[in-house]
Amino acid sequence: MLAQSSLHPRDFVAPLFVRSGDNLRTPVPSMPGVFQFSPDTAVTELKRLEALGVSAYILFGVTDPARKDAIGSHAHDRFNAVCRTLARAKDGGVKMLSITDLCYCEYTSHGHCGPLVPGVSPPTVDNDATIERLGQQAVLHAQHGADIVAPSGMMDNMVTAIRAALDADNRPNTAILSYAVKYASAFYGPFRDAAESPPQAGDRKTYQMDFRRDCRGGAKEAVREALLDVDQGADMIMVKPGLAYLDILQQVTAAVPVPTAAYHVSGEYAMLKAAAANNWIDEKATVLETMHAFKRAGASFILTYYAAQLAEWLA
Ligand code: PBG
């Protein structure tokens with residue numbers, strides 16, 4: 001009677017890794033239960049998620065090394081795995097909300113989140129060249145059926161550029177879920193295996209946030225990042241990673257007028273799976289408790305590799 005947080009399958013967004021090919025279901029070693037799918041097998045998985053009542057999915061494109069280049073051209077190929085999965089899902093009658101991750105690290109040979117400024121060390125992404133290209137990538141995804149685009153590169157003014165590009169293509173109803181508050185985190189390690197996207201040199205600290213800040217006087221930098229994106233037209237924002245950043249999530253949700261998501265990231269998933277495999281924790285109880293903590297901190301919805309399993313547990 002007095003429990004105030006509750007969980008429902010619609011609280012969860014399922015991340016999916018897709019790559020070109022047919023009939024692929026390649027396990028990601030550091031993320032047991034997570035696979036790289038080809039567009040055909042991805043649609044089968046989406047139908048399973050939809051039947052379980054999961055609200056939405058988010059697609060990450062994995063690129064064959066031969067198709068990578070310095071500017072991430074393959075992100076703009078209308079036959080890439082993300083576009084083909086979106087189209088096949090529509091054709092296959094999948095009605096779940098579709099979200100696409102908008103970034104370049106999965107498409108560039110150097111693994112950074114956009115084209116680099118020439119001759120600069122450490123590697124530094126060319127912010128303004130990247131946001132213009134992000135607008136084009138957003139339009140491409142929307143044309144193939146993305147309901148929501150989710151820029152994850154932490155470029156300045158990325159939401160303004162994407163909104164302008166979508167509106168210019170007469171797509172006012174394509175929504176933007178901005179990764180507005182994203183820290184340069186070691187918890188993304190397994191994701192970079194799954195997406196085959198680790199930076200080849202340097203790190204992401206020139207664009208992602210420093211987790212040592214905001215420790216006195218409240219989450220001022222995080223709130224500022226969030227409000228900048230809201231002002232630019234973000235319909236929803238995200239805080240990332242999850243469990244180690246609940247203080248940030250709580251302060252951001254209290255400060256912004258749009259729904260805020262939490263991303264329970266790859267490293268958090270890997271740790272739970274490893275402990276569960278050793279029978280060191282009760283997996284179901286621990287995962288449910290984690291999700292309640294996100295809700296308690298104010299999350300409107302949660303991106304998690306546990307989405308399908310959670311929906312099964314909650315059924
Ligand atoms: C791409 C991106 C990353 C994640 C989501 N989008 C990796 C990164 O920033 O290095 C991480 C998700 C996860 O760890 O589950 N920029």
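## Polar contacts of the ligand

A polar contact is taken here as a pair of N or O atoms within 3.5 Å. In this predicted model, Tyr305 places a polar side-chain atom 2.6 Å from an oxygen atom of the ligand. Considered on its own, the ligand exposes 400 Å², and the protein buries 100% of that area.

Two further side chains approach the ligand through polar atoms. In Arg204, an N or O atom of the side chain is 2.8 Å from an oxygen atom of the ligand, while in Ser152 a polar side-chain atom lies 3.3 Å from a nitrogen atom of the ligand.

## The surroundings of the ligand

The ligand sits in the largest cavity, and 19 residues surround it, of which Lys182, Arg192, Lys240, Ser266 and Tyr305 come nearest. Sorted by class, this shell consists of 11 nonpolar, 3 polar and 5 charged residues.

Some elements of secondary structure contribute repeatedly to the shell: strand 7 (175-182) supplies at least two of its residues, and so does helix 5 (189-194).

## Cis peptide bonds

Most peptide bonds are trans, which makes the following two worth locating in the structure. Ser121 and Pro122 are joined by a cis peptide bond whose omega is about -5 degrees, and Pro122 is found in the loop that runs between strand 5 (97-102) and helix 3 (127-143).

The peptide bond from Lys240 to Pro241 is also cis, with omega near -5 degrees. Pro241 belongs to the loop between strand 8 (236-240) and helix 7 (246-255), and its partner in this bond, Lys240, is among the residues that come nearest to the ligand.

## Residues with positive phi

Most residues other than glycine have a negative phi. Met154, although it is not a glycine, has a positive phi of about 55 degrees, and it lies in the loop between strand 6 (148-151) and helix 4 (158-168). With a relative accessibility of 7%, Met154 counts as buried, because that value falls under the 20% cut-off.

Glu196 likewise has a positive phi, near 50 degrees, in a residue other than glycine. This residue lies in the loop between helix 5 and helix 6 (220-232), and helix 5 is one of the elements that supply residues to the shell around the ligand. The relative accessibility of Glu196 is 29%, so it counts as partly exposed, a class that lies between the limits of 20% and 50%.

Notes: Residues are numbered from 1 along each chain as its sequence is written. This is a predicted model: local features need pLDDT of at least 70, side-chain atom pairs count only at pLDDT 80 or more; totals for chains, interfaces and linings use all residues. Side-chain values use heavy atoms; hydrogens and water are left out. A residue is near a molecule or strand if one of its heavy atoms lies within 4 Å of it. A polar contact is a pair of N or O atoms within 3.5 Å; within protein, one must be able to donate a hydrogen and the other to accept it, and residues adjacent in sequence count only if both atoms are side-chain atoms. Accessible areas come from the Shrake-Rupley method with a 1.4 Å probe; for residues, only the protein chains shown count as cover. On a 1 Å grid over the protein atoms alone, a cavity is a set of points where a 1.4 Å probe fits but cannot get out, and a pocket is an open set with protein on both sides within 12 Å along at least five of seven lines; lining residues have an atom within 4 Å of a point. A molecule sits in a cavity or pocket if more than half of its atoms lie within 2 Å of its grid points. Helices (H or I, at least four residues) and strands (E, at least two) are DSSP runs, numbered from the N terminus. Ala, Val, Leu, Ile, Met, Phe, Trp, Tyr, Cys and Pro count as nonpolar, Asp, Glu, Lys and Arg as charged, and the others, Gly among them, as polar. Buried means under 20% relative accessible area, exposed over 50%, partly exposed in between (1.4 Å probe, protein chains only).
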